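User: Could you take a close look at one part of this model for me, the largest pocket, and set it in the context of the whole chain?

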Amino acid sequence: MTTTVPVAARPALPRSMMALVFVFMLIGGALRSVEAGCQNSMKLALKNVWLCGVISYAVALTGVGLILVVSLLFSSRASRRWPTRADLAAMPKWAPFGGLTGGAAIFAMITVASSVGVSTFNAVIIAGQMFLATAMDHFGVMGFPRRRINPQRVAACAMIIAGSYLMAKY
C-alpha cells in the first residue's frame, strides 16, 4: 500500500533563484566526494568501520547543532517557530527514520568506496538514487508531488546507468 502525504502547491522559483539552487546542489554533490575521501582516510587510520560511522555521525550532529544555534541567534522571532504537538502527531511515523538510510549510505561509503574508487562509487550511488527517485516521483509518495514517468525520464536513467558502467570500466 502506498502512503501519499498531501502536498501543498509550491510556487515556482524565479529563474535566478533556481540557478542558485542548482549551484547549491552541485556543491553538495561535490562535497559527497570529499566526504568519501574523509571516510576512507578515517577508515585507514582507525581500521574500524563502525567507529568511523559513529564518529561521522557525531561530527554531523555537532555541525547541525551549531548551525541551529547560529540560525536561532540571527533569525527573526517569526522564523523560530517550533512544531506543536499537533504537528508531531500529523507527522508520518516513518519520517524520522530517514537518518537510518543515511547511516546505511555512510557505511556503504566507508566499506566499498575505496575498493571501486570514489568516481565509480558515486556514479553507481547516483544511478540507484535516480531509479528510486523516478519511481517515488511517479507515484508521488513521501510528500513529493507526482511527476509521471515518461520516455525522457527513462532515457535519462538509462544514460546514468551507461555512465556508471563507463566510469567503472575505464
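Analyst: Happy to! Let's begin with the whole chain, keeping in mind that this is a predicted model. The protein chain has six helices and zero strands, so from the N terminus on its elements simply read α-α-α-α-α-α. Its C-alpha trace spans about 50 × 45 × 40 Å along the principal axes. Of the 170 residues in the chain, 15% are buried.

Now to the pocket itself. The largest pocket has a volume of about 760 Å³, and 21 residues line it. Three elements each give two or more residues to this lining: α1 (15–46), α4 (98–116) and α5 (118–139). If you would like to find the middle of the pocket on your screen, look for Gly29, Arg32, Ile125, Ile126 and Gln129, the lining residues that lie nearest its centre. As for chemistry, the lining divides into 12 nonpolar residues, eight polar ones and one charged residue.

While you have helix α1 in view, there is another feature to visit. Leucine 20 has its place in that helix, and it also belongs to a nonpolar patch on the surface, together with Leu13, Met17, Met18, Phe22 and Met25. Together, the residues of this patch have about 580 Å² of accessible area. Is leucine 20 buried or exposed? Leucine 20 counts as exposed because its relative accessibility is 55%, and the cut-off for exposed is over 50%.

Note on methods:
Residues are numbered from 1 along each chain as its sequence is written. This is a predicted model: local features need pLDDT of at least 70, side-chain atom pairs count only at pLDDT 80 or more; totals for chains, interfaces and linings use all residues. Side-chain values use heavy atoms; hydrogens and water are left out. On a 1 Å grid over the protein atoms alone, a cavity is a set of points where a 1.4 Å probe fits but cannot get out, and a pocket is an open set with protein on both sides within 12 Å along at least five of seven lines; lining residues have an atom within 4 Å of a point. Grid points are joined across faces, edges and corners, and a volume is the space filled by probe spheres set on the points. Helices (H or I, at least four residues) and strands (E, at least two) are DSSP runs, numbered from the N terminus. Ala, Val, Leu, Ile, Met, Phe, Trp, Tyr, Cys and Pro count as nonpolar, Asp, Glu, Lys and Arg as charged, and the others, Gly among them, as polar. Patches are made of residues with over 30% relative accessible area and no salt bridge: like charges are joined within 9 Å, nonpolar side chains (Val, Leu, Ile, Met, Phe, Trp, Tyr) within 5 Å. Accessible areas come from the Shrake-Rupley method with a 1.4 Å probe; for residues, only the protein chains shown count as cover. A salt bridge is a side-chain nitrogen of Lys or Arg within 4 Å of a carboxyl oxygen of Asp or Glu. Buried means under 20% relative accessible area, exposed over 50%, partly exposed in between (1.4 Å probe, protein chains only).
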